[in-house]
Structure formats: structure tokens, C-alpha cells
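User: Hey, I've got this one open and want to walk through it with you. Can we start at the ligand?

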Amino acid sequence: MTYKVGILGLGTVGTGVAKILQDPIGRHPLLPEIKIARVGVRSLNKQRDVAIAPDLITDNLESIVNDPAIDIVVELIGGIEPAKSLILKAIANGKHIVTANKAVIARHGSEIFTAAKQKGIYVMLEAAACGGIPVIQALKQSLGGNRISELTGIVNGTTNYILSRMYFEGADFAATLAEAQQLGYAEADPTADVDGFDAADKMAILASLAFGDRVKVEDIYREGIRSITSADIGYAKELGFTIKLLGIAKRPKTDGDSNLEIRVHPTLVPIQHPLANINGVTNAIRIEGDPIGEVVFSGPGAGSGATASAVVADIINVAAALKSMPNQINSLMGCSHEHYAKVAPIANTVAQFYVRLLTHDKAGVIGDLGTAFGKHSVSLNAILQKTTVHDGLAEIVVVTQKVSEFNLQAAIAAIHDLPTMHSIPTILRVL
Ligand code: HSE
């Protein structure tokens with residue numbers, strides 16, 4: 001039996017996939033039965049890092065999703081269009097889908113999975129969140145016996161690279177981003193990564209698998225890392241923390257509260273936490289479930305080989321399912337979600353906070369601050385005051401106890417109005 005694959009896109013990941021499929025020895029025994037039938041590219045004349053017979057390559061992507069000989073369409077072009085239309089057309093034509101496209105799944109998953117369900121089609125997405133880390137299959141299958149209560153992750157390699165360098169070298173955000181761009185770790189337009197959009201897409205996918213309901217990416221509270229300064233990293237260190245861009249998803253603690261908590265923001269992580277020492281471009285996901293307790297996955301979240309590893313695993317899974325049950329869908333591999341999760345507004349969440357304030361260096365400042373926090377039921381866990389930093393201003397850092405976001409923001413509004421206050425450059429949540 002052979003399974004014919006049409007690959008859309010021969011960039012970094014497509015090249016990695018083609019290389020694995022062309023070199024099956026020592027890998028899964030089904031691989032020799034999987035053949036590259038067609039490859040769709042944007043430009044036919046580009047120099048390639050993998051040898052594909054020229055007659056298999058086309059710049060007519062539609063011809064691949066319409067080709068009756070193809071069983072599995074592997075979508076590796078990324079972005080929303082034309083990826084979404086090609087996926088939907090391939091599904092309509094009865095082809096199974098393997099995709100690494102988190103944006104299209106996070107934002108249009110509902111339409112894609114509904115179409116796939118109607119046609120009895122697999123849509124596989126291991127590579128769409130955290131590249132080479134096998135977390136999607138773990139959530140769909142290996143952890144199926146658990147009631148998952150929390151999923152916390154470093155799901156974006158670019159921001160983890162930037163924050164790690166800031167932590168170890170004391171460098172500023174702008175300089176570190178510029179260097180990351182020069183080295184190819186950050187895109188020329190870094191918005192998707194540094195403003196948390198990429199992480200939010202991945203969290204929508206991971207949370208929906210962890211908690212069993214579809215998640216709208218626009219319901220996820222999102223903050224990026226542009227406001228983090230070397231001063232914040234320095235204070236965090238002094239207090240026993242590092243700073244990471246985390247995706248945090250939690251099931252409500254009580255039966256009465258049906259809202260999930262899902263957010264993406266820079267977070268102070270205690271240095272002894274398993275995610276604190278995940279550095280560079282590495283991703284990691286910590287899952288807490290009953291009865292397993294804690295499980296942590298870490299590894300490469302991007303890159304040619306790592307992402308191709310996940311894509312090929314999906315291709316093998318589809319081929320194996322087609323081989324053993326050609327006329328049925330394996331329910332462990334399909335999407336079983338139909339409803340949307342209710343996501344709690346950020347104001348309802350509870351966290352510890354780190355607040356860095358610049359105040360006029362006058363008597364009574366700390367008293368004013370304590371009173372304002374106290375009035376809004378925000379009690380403090382730690383306070384650091386530095387001597388005058390510049391222009392007659394003093395820098396004060398406080399870490400609160402666990403408080404509701406609503407109370408914290410009310411206290412901050414009151415503190416802004418204090419005559420002794422100059423500005424509040426940073427407010428961060430603590431894990
Ligand atoms: N831009 C992503 C990251 C890699 O930095 O993690 C692809 O998901």
C-alpha cells in the first residue's frame with residue numbers, strides 16, 4: 001500500500017519533511033509506504049536544499065488539493081490565506097490534512113474541523129504548537145485519563161531567547177531584539193512574537209485540547225514583552241525570580257465557576273520552578289492533571305528538523321489509521337469539540353503582582369503607597385526601595401500577595417493620583 005502526500009510549501013519545514021520522507025531507513029516502518037506525490041511552491045526557480053524530481057514540483061497549489069491521486073495534503077505555507085482556502089478545498093475533495101499552521105487552526109479551526117467532521121477527514125496539527133514537542137498527541141491521547149487543571153508554557157522561542165539574553169547579560173530589550181533579528185532568531189517584523197500573538201494562537205490550541213472546548217483566540221488576555229526593561233530583570237533576580245513570557249490556562253477551581261482562565265503575559269517565575277531554567281529558543285509546557293500530578297515537556301519549538309519531526313509523525317498516524325481502518329475515523333485522532341469555552345475576564349483572575357514605581361523622593365511616600373494598596377485590599381509581600389535614581393526620583397518595587405486583578409487595578413489608579421507619585425513603568429504578574 002502507498003500513501004501519496006502533496007506538500008504545500010517547500011520552505012524550512014517543507015524541506016525538513018521531504019528529507020525525512022526520502023530517507024526512511026531506521027525510522028518508522030510505515031515510512032517507506034509514504035510517497036511524495038507533488039510539491040507546491042511559490043517560485044519554481046528557487047535553489048532548493050533537497051532534491052525533488054522537477055516534474056513533481058508545481059507552482060499551481062490548487063492542482064495539488066484537486067489531484068485525485070493524493071491522499072494527504074501537508075500544508076506548510078503558513079498564514080491565513082491561501083492556506084485556509086486550500087485546506088478547505090482539500091477537505092472537500094476528501095483529502096486528509098496535516099498542518100503546521102497555528103494561525104489558521106487557532107482562528108479558523110471551527111470551520112475547518114466542522115468541514116472535516118462532515119467529510120470524515122483527519123486534520124492533524126502536532127506541528128502547530130511548540131514544533132517538535134509531542135504535546136498535542138499527549139493531550140489528545142496519552143493524558144486522556146487525566147482531568148487537567150492547569151497548562152502553563154513557554155510556547156514562543158523568540159521571546160524566550162530575548163528574555164534569556166536579557167537575564168544573563170543585563171541587556172535592554174531593544175538591543176537584544178535587534179541582535180536576535182540579525183542572528184535570524186526574530187523576524188524583521190517581530191510583532192507576532194514579541195506582542196504575544198503567536199503564543200496566544202498556540203494557547204488557544206493547547207487549552208482547547210486540555211480542557212475539551214474550543215477557545216476563541218480573541219478571548220485570551222494578551223500582553224507582550226516590549227515593556228520589560230533591564231531594571232525589571234535586575235529586580236526580579238534580586239527577588240529570586242526570572243521573567244518569562246508564559247501562556248497560562250487553568251480550569252476553574254470550583255464547580256460553580258464555569259469560566260476557564262487563559263492568558264499570555266510576561267511573568268515573574270520563581271527561580272526554582274521547572275519553567276524558570278528553560279532558556280534560549282527552547283519551549284516547555286507544564287501540565288498538571290489528576291491523577292498524574294505534574295508532567296513537563298520541553299524541546300525545540302521551531303526549526304526545520306524539529307517541526308518536520310512533528311509533521312511526519314502526523315503523516316504516519318494518518319497513514320496507519322487509513323491502513324487499519326480505511327472507512328472509519330479513529331476517534332482519538334479526530335476533533336471531538338463542538339462548544340466554545342467561556343473564558344473569564346482578566347479582571348476576575350487572581351495573582352501576585354510585581355509593581356515598579358518612580359516616586360518623588362519625599363517623606364511619606366511609602367506610607368502613601370501602603371495606604372492606597374491597603375484601601376483596595378491589596379496586601380504586600382515584599383518591598384524594595386532604591387536610593388534616588390535620577391532627577392530626584394526614587395525607584396520602589398513592591399510584590400503583592402495574591403489579589404484580584406480588579407483590586408490591583410483599582411489600587412494602581414489611586415496610586416497614579418498620589419502627589420508623591422511620578423510614574424508606574426511596570427506592572428507584571430507573578431507565577
Ligand atoms: N515564531 C515562533 C517562535 C516559532 O518564536 O516560537 C514558530 O512557531
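Analyst: Sure. A polar side-chain atom of N156 sits 3.2 Å from an oxygen atom of the ligand, a polar contact here being a pair of N or O atoms within 3.5 Å. Keep in mind that this is a predicted model, where local features need pLDDT of at least 70, side-chain atom pairs count only at pLDDT 80 or more, and totals for chains, interfaces and linings use all residues. Residues are numbered from 1 along each chain as its sequence is written, and side-chain values use heavy atoms, with hydrogens and water left out.

User: What do G157 and K202 place by an oxygen atom of the ligand?

Analyst: G157 has a backbone N or O atom 2.7 Å from a ligand oxygen. K202 brings a polar side-chain atom, 3.0 Å from an oxygen atom of the ligand. As for cover, the ligand taken alone exposes 260 Å², and the protein buries 78% of that (accessible areas are from the Shrake-Rupley method with a 1.4 Å probe).

User: Which residues surround the ligand?

Analyst: The shell is K102, N156, G157, T158, D193, D198, K202 and A302, where a residue counts as near if one of its heavy atoms lies within 4 Å of the molecule. By class that gives one nonpolar, three polar and four charged residues, with Gly counted as polar, and Asp, Glu, Lys and Arg as charged.

User: Which helices each supply at least two residues of that shell?

Analyst: Helix 6 (157-169) and helix 9 (197-211). Helices (H or I, at least four residues) and strands (E, at least two) are DSSP runs, numbered from the N terminus.

User: Switching to sheets. What's the order in the six-stranded one?

Analyst: The order is 3-2-1-4-5-6, in an open sheet with parallel pairing; strands pair if DSSP finds at least two bridges between them. Strand 3 (57-58) and strand 6 (123-124) are the edges, each pairing on one side only. Strand 4 (residues 72-75) and strand 5 (residues 96-99) share four bridges, and I72 faces H96 in strand 5.

User: What lies across strand 5?

Analyst: Helix 11 (residues 304-324) does, and it also lies across strand 1 (3-8), strand 2 (34-40), strand 4 and strand 6. Contact there means heavy atoms within 4.5 Å. Helix 11 runs at about 160° to strand 5, using axes fitted to C-alpha atoms, for helices over the stretch in contact, with angles from 0 to 180 degrees between N-to-C directions.

User: And strand 17: does strand 13 pair with it parallel or antiparallel?

Analyst: Antiparallel, with seven bridges between strand 13 (residues 350-360) and strand 17; L358 stands opposite S423 there. Strand 10 (residues 261-270) runs parallel to strand 17 (residues 421-430), joined by two bridges, and L268 is opposite V430.

User: Now backbone oddities. Where are the cis peptide bonds you'd point me to?

Analyst: One runs from E81 to P82, omega near 10°, with P82 in the loop between strand 4 and helix 3 (83-92). Another joins D290 and P291, omega about 15°; P291 is in the loop between strand 11 (282-290) and strand 12 (293-300).

User: What about phi at C130?

Analyst: Positive, about 65°, although C130 isn't a glycine. C130 sits in the loop between strand 6 and helix 5 (135-142). Most residues other than glycine have a negative phi, and most peptide bonds are trans.

Terms used. Polar contact = N/O pair within 3.5 Å; in protein donor to acceptor, adjacent residues only side chain to side chain.
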